[in-house]
Amino acid sequence: MNLILGIVVVFGCVLGGFAVHGGHLGALWQPSELLIIVGAATGALIIANPFSVTKRVAASIPALLKGSPYKKDHYLELFSVMYELLTIARKEGMMGLERVIEDPANNELFTKRRLILDDPHAVEFIQDYLRLIISGDMDQYQLEALMDLEIETHHHVGEEPAQALNTISDSLPGFGIVAAVLGIVNTMGALGGPPEEIGIKVAAALVGTFLGILLAYGLLGPMSRAMERRAREENHFYTAIKTCIMGFLQGHPPQIAIEFGRKSTPAELRPSFKDLDAQLRGKKS
């Protein structure tokens with residue numbers, strides 16, 4: 001929603017201001033200039049990145065339309081899942097915990113929390129580290145270091161599409177100049193012709209510079225920042241999982257371990273103590 005609203009505001013104000021000053025919007029429609037700029041930017045993206053990153057850039061842009069997947073309800077469901085898992089570990093031991101995490105898709109603990117079950121990487125993250133706890137082959141410091149390493153690696157991978165798009169955004173003004181220069185070259189070939197024809201060609205060349213700057217600072221640049229924010233939000237989510245697990249390993253009861261996770265959540269997404277307590281009491285009753 002923010003993406004659509006932002007695009008409407010940026011292009012609405014720019015084009016509206018141009019029209020208010022007596023400009024003709026039709027003069028800005030220059031398909032050849034757009035082809036040069038967008039085509040060159042796409043080619044540069046392909047050259048600079050592995051195809052897997054290019055595919056993720058293409059997939060990340062529509063994902064921005066949906067907004068962030070991580071909201072308070074998502075965290076409430078996460079803390080409910082972690083509370084029940086840690087309670088099972090405390091009451092039934094590691095064998096009881098192993099039975100639950102082996103098949104999440106067919107276990108009520110997960111199936112009644114679709115926000116978590118529909119996030120396969122989060123489920124896998126929980127499974128992997130609970131399995132390591134069950135195996136007993138690692139102490140809490142080794143486990144924490146391994147979780148930090150995986151979170152950092154996942155965050156780096158998540159930021160790659162944003163970095164790739166930001167690089168292309170930085171190059172767009174240059175491609176706009178390329179389009180403008182080609183337009184001027186085309187204009188030179190029309191010298192001696194009617195002044196109206198020369199004016200049209202010069203205007204088309206200038207539109208190339210305009211489009212390069214507008215698309216860079218009004219569209220792709222902000223979109224790359226939005227992708228970076230999504231990667232950070234995902235990082236915060238996995239950090240909350242890690243904090244819950246580490247709180248439990250340090251000997252705290254499940255509800256206190258979950259409170260550690262709640263405190264690690266960004267303020268704008270953090271469920272209140274009362275909301276979380278009500279959620280957990282509902283699960284206990």
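Helices here are DSSP runs of H or I at least four residues long, numbered from the N terminus. The model shown in every view is predicted.

**View 1. Helix α1 and the residue just after it.** Helix α1 covers residues 2-20. How far apart should its ends be, at 1.5 Å a residue? The expected span is 1.5 Å times one less than the number of residues. For the 19 residues of α1 this gives 27 Å, and the end C-alpha atoms lie 26 Å apart, so the two values agree. Just beyond α1 comes Gly22, with a positive phi of about 90°.

**View 2. The crossing of α4 and α7.** Two packed helices are described by the angle between their axes and the distance between the axes. For α4 (residues 72-101) and α7, the axes come within 11 Å. They cross at roughly 35°. The crossing of α4 past α7 is right-handed. On the α4 side, contact is made by Leu78, Met82, Leu85, Met94, Leu97, Glu98 and Ile101. On the α7 side, Ile126, Gln127, Leu130, Arg131, Ile133 and Ile134 take part. Sorted by class, this α4 and α7 contact holds 10 nonpolar residues, 1 polar and 2 charged.

**View 3. The largest pocket.** This pocket encloses about 420 Å³. Its lining has 14 residues. Ser60, Ala63, Gly158, Arg230 and Glu234 lie nearest the centre of the pocket. Helices α3 (51-65), α8 and α9 each give two or more residues to the lining. Which of them has the largest share? Helix α3 does, with 5 residues. The lining splits into 9 nonpolar, 2 polar and 3 charged residues.

**View 4. The second largest pocket.** Here the volume is about 310 Å³. The lining counts 17 residues. Nearest the centre are Asn2, Leu3, Leu64, Ala226 and Arg229. Helices α1 and α9 each supply at least two lining residues. Helix α9 provides the largest share, 8 residues. By class there are 9 nonpolar, 5 polar and 3 charged residues in this lining.

**View 5. The largest cavity.** How many cavities of 30 Å³ or more does the model hold? The count is 1. About 30 Å³ of space lies in the largest cavity. Around this space are His121, Phe125, Glu150, Ile151, His154, Asn235 and Tyr238. Helices α7 (120-135), α8 (140-188) and α9 (195-249) each give two or more residues to the cavity lining. Helix α8 gives the most, with 3 residues. The lining of the largest cavity is made up of 3 nonpolar, 3 polar and 1 charged residue.

**View 6. Helices α8 and α9 across the views.** Both α8 and α9 give two or more residues to the lining of the largest cavity. Both also do so for the largest pocket. In the second largest pocket, α9 is joined by α1 in supplying at least two lining residues each.

Methods:
Residues are numbered from 1 along each chain as its sequence is written. This is a predicted model: local features need pLDDT of at least 70, side-chain atom pairs count only at pLDDT 80 or more; totals for chains, interfaces and linings use all residues. Side-chain values use heavy atoms; hydrogens and water are left out. On a 1 Å grid over the protein atoms alone, a cavity is a set of points where a 1.4 Å probe fits but cannot get out, and a pocket is an open set with protein on both sides within 12 Å along at least five of seven lines; lining residues have an atom within 4 Å of a point. Grid points are joined across faces, edges and corners, and a volume is the space filled by probe spheres set on the points. Ala, Val, Leu, Ile, Met, Phe, Trp, Tyr, Cys and Pro count as nonpolar, Asp, Glu, Lys and Arg as charged, and the others, Gly among them, as polar. Axes are lines fitted to C-alpha atoms, for helices over the stretch in contact, and angles run from 0 to 180 degrees between N-to-C directions. A crossing is left-handed if the near helix is turned anticlockwise from the far one by less than a right angle, and right-handed if clockwise. Contact means heavy atoms within 4.5 Å.
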